[in-house]
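Here are a few exercises to work through with the model open beside you. Try each task before you read its solution.

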Amino acid sequence: MLNIVLFGAPGAGKGTQADKLVEKYDLVHLSTGDMLRSEVARQSARSAAIKQLIDKGQLVPDSMVAEMVAEKIGEHRHSNGIIFDGFPRTIPQAEMLDAMLAEQGLHVCGMVALNAPEDELVRRLLERGKYSGRDDDRDDDVVRRRIAVYHEKTAPLMDYYKAQAKYLPVVGVGGIDEIFANLCAAIKHCKP
Ligand code: AMP
């Protein structure tokens with residue numbers, strides 16, 4: 001299985017590129033952001049708590065996200081592979097992912113990291129906020145908080161995957177097809 005962690009700050013273009021990767025490599029797209037937004041829409045017992053955290057630009061507890069991911073990995077363990085988009089976002093989540101995959105005899109094949117300058121990230125998120133319907137894309141303060149949370153909690157994952165020789169940096173600036181070509185070149189170095 002080709003299990004890829006698609007990494008990058010909010011606004012780096014993970015969702016757009018994930019759709020293209022799914023099509024090219026016939027993979028399953030696992031986006032924890034999408035899963036959490038669906039749970040909010042379903043109005044479950046924990047919807048209000050999840051929505052409050054998302055709207056503030058803060059992370060949802062690791063255990064809650066890990067539970068959703070474990071279920072989805074189980075459902076798709078016989079697929080060609082999974083693209084993890086927006087997960088893991090903390091070191092404990094990365095450790096949980098390694099453990100969950102190992103339980104099924106699987107592993108992360110590589111972490112492809114989309115890099116883009118911060119001004120560009122803020123610009124893209126606020127632009128997306130005009131049509132995405134996402135409250136967390138509309139407010140300048142929330143957008144900046146999400147990027148700050150990324151630096152504090154998520155960026156350390158680059159070292160986590162470097163230590164496993166799985167960190168594959170990719171230039172995330174340019175046209176969509178150009179960035180996609182950069183990603184595909186990096187994926188050649190993944191270890192299925
Ligand atoms: P995203 O769609 O990936 O930008 O995620 C939107 C929001 O969902 C984030 O700002 C977090 O509040 C929450 N979220 C998504 N994925 C995770 C995760 N792996 N861990 C914790 N919170 C998450």
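**Exercise 1: Two backbone features**

P88 is found in the loop between β3 (82-85) and α5 (91-103); helices (H or I, at least four residues) and strands (E, at least two) are DSSP runs, numbered from the N terminus. The model is predicted, so local features need pLDDT of at least 70 and side-chain atom pairs count only at pLDDT 80 or more, while totals for chains, interfaces and linings use all residues. Residues are numbered from 1 along each chain as its sequence is written, and side-chain values use heavy atoms, with hydrogens and water left out.

Task: find which kind of peptide bond joins F87 and P88, and look up the phi of D26.

Solution. Step one: the bond between F87 and P88 is cis, with omega about 0°. Step two: go to the loop between α1 and β2, where D26 lies. D26 is not a glycine, yet its phi is positive, about 55°.

**Exercise 2: The largest pocket**

Task: describe the volume and lining of the largest pocket.

Solution. Step one: a pocket is an open set of points on a 1 Å grid over the protein atoms alone, where a 1.4 Å probe fits, with protein on both sides within 12 Å along at least five of seven lines. Its volume (the space filled by probe spheres set on the points, which are joined across faces, edges and corners) is about 1,100 Å³.

Step two: 49 residues line this pocket, and P10, G11, K14, R128 and R134 lie nearest its centre; a lining residue has an atom within 4 Å of a point. Elements giving two or more residues include β1 (4-7), α1 (14-25) and α9 (176-187). The most come from α6, with 6 residues.

**Exercise 3: The ligand**

Task: say where the ligand sits and which residues are closest.

Solution. Step one: the ligand sits in the largest pocket, as more than half of its atoms lie within 2 Å of the grid points.

Step two: 16 residues surround the ligand (a heavy atom within 4 Å), and T32, R37, Q58, R89 and Q93 are the closest. α2 gives the most to this shell, with 4 residues.

Step three: list polar contacts (N or O pairs within 3.5 Å). Ligand nitrogen atoms lie 2.8 Å from a polar side-chain atom of T32 and 3.1 Å from a backbone N or O atom of V60.

Methods. A polar contact is a pair of N or O atoms within 3.5 Å; within protein, one must be able to donate a hydrogen and the other to accept it, and residues adjacent in sequence count only if both atoms are side-chain atoms.
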